[in-house]
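Got a few minutes to look at a protein together? Take a look at what comes up below, and then we'll talk it through.

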Amino acid sequence: MLLLFFFTTSTASAGGPSPVVELISNTINKLTGIFLIGGGGGGGDEGHDSGFWKYTTASNAGVAFAVTALAGLALAAAVLCKTRGRLKSPWSRRKRKHALSPQQWRSMFTPDGKLRDRGAKFLKKVRSGGVDPRIRVEVWPFLLGVYDLSSTQEERNIIRTEKRKEYEKLRKQCRRVLKHNDEIFKLSEAGGTSSFLLVACNSPNSEDAVSARESLSSEERSPSINYSEHLTASMLDGNADSKRFTDASVIYDSDSSDSDSSEDPEVSQTFPSTESREENDPRMSPKDESSPSKTEVQSRNIEDFASWQRIIRLDAVRANGEWISYSPTQAAVPDERARRSAETVGLKDYDHLEPSRIFHAARLVAILEAYALYDPEIGYCQGMSDLLSPIVAVMTEDHEAFWCFVGFMRKARHNFRLDEVGIRRQLNIVSKIIKFKDSHLYRHLEKLQAEDCFFVYRMVVVLFRRELTFEQTLCLWEVMWADQAAIRAGIWKSAWSRIRLRAPPTEDLLLYAIAASVLQRRKQIIEKYSSMDEILRECNSMAGHLDVWKLLNDAHDLVVTLHDKIETPF
């Protein structure tokens with residue numbers, strides 16, 4: 001009876017018992033009544049009482065076991081209900097911690113430079129408050145998998161040298177491709193023929209691996225397209241008509257770039273070269289589902305690369321200067337150095353930019369070209385420069401920025417696949433979250449034929465980059481990266497086991513945050529909007545008006561209640 005009293009009061013304080021809890025309570029009451037009172041036996045007949053006690057003696061063990069078991073279940077349910085009722089997310093105003101400070105960061109290493117506790121404390125700290133801007137350049141390579149959480153300082157020094165060399169090798173390959181491409185255009189303009197070329201990016205004899213594949217006259221080349229009219233570009237700028245998915249292949253039908261190339265040293269930093277990615281870094285093995293296959297890396301149609309070059313340069317020059325106040329060193333770059341960097345990578349039409357933005361654009365070009373060779377299945381698509389720009393602003397060395405970007409793209413690359421499988425999957429998850437959480441809103445979306453949540457396309461592709469301020473974007477990304485790093489290292493299975501009762505680390509925290517941003521505006525959507533285009537405009541108008549911590553707090557509640565129902569396999 002004492003257990004029953006505790007159970008009843010606990011569930012009441014948690015907002016009232018559920019139907020299951022009520023059933024358990026009623027069953028205990030009945031069984032307890034039978035056992036203690038006699039099950040409704042009549043009168044004071046001594047013989048009858050004697051028979052009753054014989055019955056209870058025979059069945060005493062079974063009844064006692066049943067009562068004890070049900071009482072235990074009731075107690076467990078009461079404790080769980082009460083605990084869940086008072087749980088706070090790590091991002092609530094009451095629970096939120098300050099960002100990881102330089103002092104805390106230094107204290108997390110052993111004398112040989114290894115993170116304590118396999119990095120569990122480090123990741124939990126980042127997850128709850130982000131990273132102090134002063135140490136991002138040191139912390140991000142750990143979050144993005146450039147360095148293993150269990151690595152020593154000596155091991156990281158070796159990895160850093162190898163990756164620097166590998167990046168330099170990729171940049172040399174970019175210059176070779178640019179040179180061959182320039183020669184082909186000169187022949188074409190002179191009335192000769194042009195060729196589709198193959199580049200063996202990983203071959204030791206890659207200089208000799210450029211060979212003619214088939215000849216086409218300059219007149220037979222694909223006509224140029226108006227880049228600004230491409231649907232993906234329109235969606236990212238928030239100007240697209242609503243229906244439906246992009247035909248991303250249009251990007252690759254554009255004419256070849258006429259960008260210049262140079263044999264000069266790269267932009268400002270020193271860059272990498274290794275014999276083979278797989279030999280020097282097993283973690284970059286092509287067996288990883290999210291990494292390009294060896295065959296894809298070894299050969300690529302140079303026409304694709306020429307198209308990527310052109311689009312990369314357009315996007316790099318368009319990049320805004322929101323990052324400048326967060327990177328004073330790069331903001332103060334001299335004009336002469338900025339222009340020299342631009343000439344080195346063949347950047348054009350930049351005279352209207354101040355030196356800091358010219359320098360930033362040149363770095364974007366160098367890194368994005370290298371990535372297009374590193375991952376030719378993805379190459380380059382609009383939106384990737386949005387993801388790289390904050391990394392370039394934080395990481396002062398190009399080779400470090402490149403490998404952080406590779407780590408970021410390990411998951412984000414699915415946003416840029418031509419078959420759009422990654423985008424469709426993520427939009428489907430956002431749709432499921434809204435359906436499970438708010439059936440009324442979901443039914444309204446169905447009426448508008450907007451239940452596929454295409455109106456959050458831009459948020460998914462560039463990970464809230466255009467909806468949040470620069471600093472808020474970095475905070476959100478750091479929290480996401482901490483979740484992904486914990487899953488990658490298997491930390492959440494042990495050190496974070498308690499979190500599984502609340503909001504377990506998830507690969508899809510971004511999608512819960514996107515769903516939360518829509519749910520925050522459910523009233524306007526239901527009462528005011530009668531078309532998907534209106535909802536799309538509402539989502540685009542969120543830019544600059546979102547609170548990243550409120551967003552994460554709401555996302556936490558969705559993860560707590562729905563993560564078991566939402567399936568997220570690729």
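What follows is a chat in questions and answers about this structure.

Reader: Before we dive in, what kind of model is this?
Author: Residues are numbered from 1 along each chain as its sequence is written, and side-chain values use heavy atoms, with hydrogens and water left out. Local features need pLDDT of at least 70, side-chain atom pairs count only at pLDDT 80 or more, and totals for chains, interfaces and linings use all residues, since what you're looking at is a predicted model.

Reader: How many helices and strands are there in the protein chain?
Author: Helices (H or I, at least four residues) and strands (E, at least two) are DSSP runs, numbered from the N terminus. Going by that, the protein chain has 24 helices and two strands.

Reader: And what percentage of the residues count as buried?
Author: Buried means under 20% relative accessible area, exposed over 50%, and partly exposed in between (1.4 Å probe, protein chains only). Of the 570 residues of the protein chain, the buried ones come to 51%.

Reader: How do the axes of α20 and α24 run: roughly parallel, roughly antiparallel, roughly perpendicular or oblique?
Author: Axes are lines fitted to C-alpha atoms, for helices over the stretch in contact, and angles run from 0 to 180 degrees between N-to-C directions. Helix α20 (residues 470-489) and helix α24 (residues 548-562) have axes that come within 10 Å and cross at roughly 30°. Angles under 35 degrees count as roughly parallel, over 145 as roughly antiparallel, 65 to 115 as roughly perpendicular and the rest as oblique. So α20 and α24 are roughly parallel.

Reader: Which residues in α24 do Gln 472, Cys 475, Leu 476 and Val 479 in α20 meet?
Author: Contact means heavy atoms within 4.5 Å. On the α20 side, Cys 475 is buried, with a relative accessible area of 12%. Together with Gln 472, Leu 476 and Val 479, Cys 475 meets Val 548, Trp 549 and Leu 552.

Reader: How many disulfides does the structure hold?
Author: A disulfide is a pair of cysteine sulfur atoms within 2.5 Å. Take Cys 453, buried at a relative accessible area of 1%: its closest cysteine sulfur, in Cys 539, is 8.8 Å away, too far for a bond. The disulfide count for the structure is zero.

Reader: Why can side chains of opposite charge pair, and how many salt bridges turn up in the whole structure?
Author: Side chains of opposite charge can pair when their charged atoms come close. A salt bridge is a side-chain nitrogen of Lys or Arg within 4 Å of a carboxyl oxygen of Asp or Glu. Searching the whole structure, the number of salt bridges found is 25.

Reader: How many residues apart in sequence are the parts that Arg 127 and Asp 483 tie together?
Author: The side chains of Arg 127 and Asp 483 meet in a salt bridge (2.4 Å, N to O), and both residues are buried. Arg 127 lies in helix α5 (residues 120-129) and Asp 483 in helix α20, so the sequence gap between the parts they tie together is 356 residues.

Reader: Asp 554 forms a salt bridge too, but with which residue?
Author: Asp 554 counts as buried at 17% relative accessibility. Its partner is partly exposed, at 41%, and both lie in helix α24, four residues apart, about one turn of the helix. The closest N and O atoms are 2.7 Å apart, and the partner is Lys 550.

Reader: Which residues are linked with Arg 136 in a network of salt bridges?
Author: This one is a network rather than a lone pair. Linked with Arg 136 are Glu 471 and Glu 478.
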